[in-house]
Amino acid sequence: MSMTRMSDKAVRRLRAGLLILSIVSVQIVRAQQTQQPATPPPQDQTSPDAGGPGGDTGVIAVPKKKEKEEAPPPAPVAPKVTNPEGLNNFSLRVEVPEVTVDVGVLLEKTGQFVPGLKPGNFRVYENGVEQKVVGFKRVEAPITALLLCEFASTNYNFIYDMRNAAWSFAQQLRPQDYVAMMTFDLHTQIVTDFTQDKRQLYQAINSLVIPGFSDRNLFDALYEAEDRVSRIEGRKYIILLASGRDTFSRITLDKIMQKVKNTPDVTIFAVSTGGAMRAMTEGGGGFNQQMRDLDYLQADNQMKTFAKMTGGMWFSPRFVGEMPEIFGDINSAIRSKYQLIYHPTDAKQDGTYRKLRVELVDDEGKPLRMQDEKHKPLKYEIIARDGYKARQEVE
């Protein structure tokens, strides 16, 4: 009886102890929760619009590349000009003519080119009116030349002189030069076209052995030569090796003179052949001999005029030994020039022929005087074109 009661009492005590223990445990847990520090709020791991890599402190923002460049701002609008009522739109075009003059200055005694001249030493006159030079330079460039040779069965002395003159000219050429060869008697013949190969020119000269006709149509041949070289751009030269006499040309002297005057950028250097034969026979008695001498004087005058009108030179050698010196002067005159440029005061494009004159002056405006080392005066020659033909508006 007593043992049963003790057991009930012990059970009640045990239950009371467990209840007290659970209450104490709850209070301890609440106390721990109160003392624990608050955890930081979770970081936003989403990438910003710009994008970029993530890190311990968050996402690093990197600017995005622009998918499309921004368009530049529009240009300012030009003011709109309104014509007066009844006036239509029109355009105005003004062409200022420009004239280029090649001038050679050579010593009369030696034929040497005179270097060292300045723009102020030159005076250019067009139809007697002084022009203002706006461009000046010394030029020395490769040449483009046509060798025009008389090859007729008249007298071998003329062929002999022509071949020696052509050979002397070929020896003066440089690798950059372009040269063609054309012969004439009753007809013209192109022996070789423009080439830089001197061997072709030598072969062409050596091939001139037996001519076909005794007639010499100089005017027709020169007219055709002017036509051929005028199709080539730039400065051209005609080396005319002939007696100067003409027999049955269809072109008259007046027409060939007009052709020579009106063909631009072509300079003629003329060498008369047969000088030795003429020196031995001229001055003889008889009417026929006197007429022949007059014919050759006229021929010389024509050759000289062709050269002078175009700013070239004329030579009448008597001996073969003169040829190298003559073509040395021609070579110097061709390659070494002063080039003057001006805008004519008469700007009308009326197709008229304008006369040109070039003078040399010193610093005071007086005629230029030259002296040698011993202070002796030196005579010089100014080589320039006689004139030019102005353009026409319809061209």
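**Reading a mixed sheet, two pockets and two cavities**

Mentor: Let us begin with one pair of residues: Met182 stands opposite Ile190, a residue of β9. Keep in mind throughout that we are reading a predicted model.

Trainee: In which sense do β8 and β9 pair, and over how many bridges?

Mentor: Strands of a sheet pair through backbone hydrogen bonds, and the pairing can be either parallel or antiparallel. Here β8, which spans residues 178-184, pairs with β9 in the antiparallel sense, and 5 bridges join the two strands.

Trainee: In what order do the strands of the sheet lie, and is the sheet open or closed?

Mentor: The sheet is open and has 6 strands, which follow one another in the order β9-β8-β7-β10-β11-β12, with mixed pairing. At the edges stand β9 (188-195) and β12 (314-315), and because each has a single partner strand, one side of each is left without a neighbour in the sheet.

Trainee: Which strands does helix α3 touch as it packs on this sheet?

Mentor: Helix α3, residues 198-206, touches β7 (144-150), β8 and β9, and its direction makes about 165° with that of β9. Helix α4, residues 218-230, lies across β7, β8, β9, β10 (236-242) and β11 (266-272), and runs at about 160° to β10.

Trainee: Turning to the pockets, what volume does the largest pocket have, and which residues lie nearest its centre?

Mentor: Read the volume together with the lining: the largest pocket has a volume of about 930 Å³, and among its 44 lining residues Val99, Thr100, Arg235, Pro264 and Asp265 lie nearest the centre. The elements that give two or more residues to this lining are β3 (99-107), α5 (253-262), α8 (323-335), β13 (337-342), β14 (353-360) and β18 (387-389), and the largest share, 4 residues, comes from β3. By class, the lining divides into 18 nonpolar, 10 polar and 16 charged residues.

Trainee: What volume does the second largest pocket have, and how many residues line it?

Mentor: Its volume is about 640 Å³, and of the 30 residues that line the second largest pocket, Gly312, Met313, Glu381, Ile382 and Ile383 are the closest to its centre. Two or more lining residues come from each of β3, α7 (287-309), β12, α8, β14 and β17 (380-383), with β14 giving the most, 4 residues. The classes in the lining of the second largest pocket are 13 nonpolar, 5 polar and 12 charged.

Trainee: How many cavities of 30 Å³ or more does a search of the whole structure find?

Mentor: The search finds 2. About 50 Å³ of space lies in the largest cavity, which is lined by Leu173, Arg174, Asp177, Val179, Thr195, Gln196, Asp197, Lys198 and Leu201; by class, these are 3 nonpolar, 2 polar and 4 charged residues.

Trainee: Which residues line the second largest cavity, and which element gives the most to that lining?

Mentor: The second largest cavity, with a volume of about 30 Å³, is lined by Ile143, Phe169, Gln172, Leu173, Phe327, Ile330, Asn331 and Ile334. Helix α8 gives the most to this lining, with 4 residues. Reading the classes as before, the lining of the second largest cavity has 6 nonpolar and 2 polar residues and no charged ones, whereas 4 charged residues belong to the lining of the largest cavity.

Note on methods: Residues numbered from 1 in each chain as written. Predicted model: local features only at pLDDT ≥ 70, side-chain atom pairs only at ≥ 80, totals over all residues. Heavy atoms only, no water. Pairing = 2+ DSSP bridges. Contact = heavy atoms within 4.5 Å. Axes fitted to C-alpha atoms, helices over the stretch in contact; angles between N-to-C directions. 1 Å grid on protein atoms, 1.4 Å probe; cavity = no way out; pocket = protein on both sides within 12 Å on 5 of 7 lines; lining within 4 Å. Points joined across faces, edges and corners; volume = space filled by probe spheres on them. Nonpolar A, V, L, I, M, F, W, Y, C, P; charged D, E, K, R; others polar.
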